[in-house]
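Biologist: Hello! I have just opened a new model and would love some help reading it. Shall we go through it together?

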Amino acid sequence: MPPPWPLRLVNLGAAFFLIVLLFYFSFHQLNYHWNWASIYEYRAKFVQGWITTILISASSLGLSTGIGLFFALAQRSRWLALRYFSKIYIEIVRGTPLLVQILIFFYVVADAFHVENRYLVGILTLACFSGAYISEIIRAGIESVGKSQLESAKAIGLTRAQTYRFVIFPQALRQTLPPLAGQFVSLIKDSSLLSIISISEFTLNAREVNSSTFSTLESYIPLAIGYLLLTLPISMWTRHLEKRHRFNT
Amino acid sequence: MNMIVHKSDWRIRSSPIRSWLAAGSLLSLLSVLVFSVASCSTKTREKLVVGMELAYPPFETTDTQGNPTGVSVDLARALGAHLGREIEIQNLPFDGLIPALKTGKIDLVISSMTATAERAQSIDFSEPYLKTGLCLLVGTNSAVNSQDDLDQAGKTVAVKLGTTGHTFATRQIKRAKVLVLDKEDACVLEVVQGKADAFIYDQMSTFKNWQRNPETTRPILKPFQEESWAIGLRKANKDLMPDVNRFLQDFRARGGFEELGDRYLKEQKQAFRQMGFPFYF
């Protein structure tokens, strides 16, 4: 039973008011000359950057889920070489900074293979980076399914593929959803690092506006709101999915 | 079965009265806190904090030990000696210098910054202390020989974020594509790998970047826009301006700039004199 709505509303209002008050106080202390008019002139740049960020994030989100799934299964493969390969890939990607990966991928690897499109390289790098994390999340989800279940599956004569399809995945899905949502949210934020190879996404465009108007806060506050508009729906959607899958298993 | 209380029942965790009370007391506590501290005054400091981006040798850079060094660092120290105040160097990204100055995090900008009309709307500039110009670094095999060759469809121009080259490109480059990068090194790399046709930057750095990549790049040092560097001050800080200008005058008269040029820019000085380009503080 949820709490009655007036109580919910008041408490939500109180929490919100608290946060607003905190920021109001901090900004009040700053004694800053606001200049929103200069930012408004650049609104097209913000919108264009925001859309680029959505496109890049969405593409690498889909791609990284595929990569993550592949490497999660590869780690449980019967071929030892494939298992080692995925282990090495995951450790290297998770252990090195994304900034370095982007630079090496773009200026060394992509240059060697004559891939000139920096957007493509950006999406691939981001997908590889995020894919390593997602594969670990999926692996953890798969391993959370108890051994007795696998033995039961074997006992009733399910094949390996059937075991994955009907026993492991439905249960692993619920375990993986919360960390997966977190990973997707950080993927969107990590896409801002692609600005170093001059991909004109949201962050780079905000920085360009900042460098030509010198209105730092006015450029970065819309940036924060823009990212929040992308990440909040993801959190809400996965919460909804979690609820739906709660009694399925 | 009715005895089992579901986990998500909110009553387990909080009674309604407690919830109301908690919300109310938190609010009043924070309100008191905010309005009592809101009247605090801003602090003054003895030290002069000078902001610069230590990524522009030989003007602003770090030595092997990681200490700031270069023309601007020496200039800042000489200014401190002149004013009798201690100097603290703060390393900030170039596009963060003006915001830092505006919000009072630093007191002066000495970072090879060109005094432009746009920047002058946000901050004040001292008398200029060095004159230079924008020019091009192009690939060895590039057909680009001037700014006009560059501004063609299908051409790509690299610029560094927040520099006058960036401003110039946004205004004057109409047909070519502009690549905005964070670091000077990345801009040079784009030209070296042929991803960009040219990099718009100042003469001294272009010369230096060409010397580092003589096989892959070629400088077109003829400036297409003259600029002069100055020290940046906060608009509210009117008292400091006459002191800074007097110092610059004094420093020039003492031959301080000549000395700095000989110490840090000997090679450039000779090369520019041979090529007949103006080079002076």
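Biologist: How far apart do the C-alpha centres of domain 1 of chain B and domain 2 of chain B lie?
Modeller: Good place to start, and please keep in mind that this is a predicted model. Chain B is split into domain 1, covering 48–129 + 230–275, and domain 2, covering 132–227. Taking the C-alpha centre of each of these two domains of chain B, the separation is 24 Å.

Biologist: Which helix gives the largest share of the side of domain 1 of chain B that touches domain 2 of chain B?
Modeller: The contact between these domains takes nine residues from domain 1 of chain B and 10 residues from domain 2 of chain B. On the domain 1 side, the residues divide into four nonpolar, three polar and two charged. The largest share of that side, three residues, comes from residues 266–275 of chain B, which is helix H12.

Biologist: Which strands stand at the edges of the chain B sheet that contains S1?
Modeller: Let's lay the sheet out. Its five strands form an open sheet with mixed pairing, in the order S4-S1-S5-S12-S6 of chain B. A strand at the edge has a single partner strand, so one side of it is left without a neighbour in the sheet, and in chain B that applies to S4 (87–91) and S6 (124–125).

Biologist: Helix H3 of chain B packs on that sheet, so what angle does its direction make with that of S4(B)?
Modeller: Helix H3 covers residues 71–83 of chain B and touches strand S1 (48–52) as well as S4 of chain B. Compare the direction of H3 with that of S4(B), and the angle is about 150°.

Biologist: In S12(B), what is the bridge partner of Leu108(B)?
Modeller: In general, the strands of a sheet pair through backbone hydrogen bonds, either parallel or antiparallel. Here strand S5 (residues 108–109) and strand S12 (residues 232–233) of chain B run antiparallel and are joined by two bridges. Across from Leu108(B), the partner in S12(B) is Leu233(B).

Biologist: There is another sheet in chain B, with S9 and S8 in it; by how many degrees are its neighbouring strands turned against each other on average?
Modeller: This one is also an open sheet of five strands with mixed pairing, in the order S9-S8-S10-S7-S11 of chain B. S9 and strand S11 (217–229) of chain B each have a single partner strand, so they stand at the edges with one side lacking a neighbour in the sheet. With direction ignored, the average turn between neighbouring strands of this sheet is 25°.

Biologist: Which residue of S9(B) stands opposite Ala158(B)?
Modeller: Strand S8 (residues 156–160) of chain B pairs with strand S9 (residues 177–181) of chain B in the parallel sense, over five bridges. Strand S8 is mostly covered, with four of its five residues buried. Thr156(B) stands opposite Lys177(B), and opposite Ala158(B) you will find Leu179(B).

Biologist: How many of the nine residues of helix H8 of chain B are buried?
Modeller: Helix H8 covers residues 184–192 of chain B. The buried ones are Glu184(B), Ala186(B), Cys187(B), Val188(B), Leu189(B), Glu190(B), Val191(B) and Val192(B). This helix is mostly covered, and the count of buried residues is eight.

Biologist: Over to chain A: at roughly what angle do the axes of helix H4 and helix H6 cross?
Modeller: Two packed helices are described by the angle between their axes and the distance between the axes. The contact uses Tyr89(A), Ile90(A), Val93(A) and Arg94(A) of H4(A), with residues of H6(A) that include Phe129(A) and Tyr133(A). Its residues divide into seven nonpolar, one polar and two charged. The axes of H4 (residues 80–95) and H6 (residues 118–143) of chain A come within 9 Å, and they cross at roughly 115°.

Biologist: Is Leu12(A) buried or exposed?
Modeller: Leu12(A) has its place in helix H1 (residues 5–30) of chain A. A residue counts as exposed if 12 or fewer other C-beta atoms lie within 10 Å of its own. Leu12(A) has 11 of them, so it is exposed.

Biologist: And is Ala110(A) buried or exposed?
Modeller: Ala110(A) lies in helix H5 (residues 98–112) of chain A. Residues it touches include Val121(A), which is 11 residues away in sequence and 7.0 Å away in space, C-alpha to C-alpha. The cut-off for buried is 20 or more other C-beta atoms within 10 Å. Ala110(A) has 22, so it is buried.

Definitions and conventions: Residues numbered from 1 in each chain as written. Chains lettered and ligands numbered in written order. Predicted model: local features only at pLDDT ≥ 70, side-chain atom pairs only at ≥ 80, totals over all residues. Axes fitted to C-alpha atoms, helices over the stretch in contact; angles between N-to-C directions. Contact = placed C-beta atoms within 7 Å. Nonpolar A, V, L, I, M, F, W, Y, C, P; charged D, E, K, R; others polar. Pairing = 2+ DSSP bridges. Domains from an automatic or database assignment. Lists of a residue's contacts leave out its neighbours within four places in sequence.
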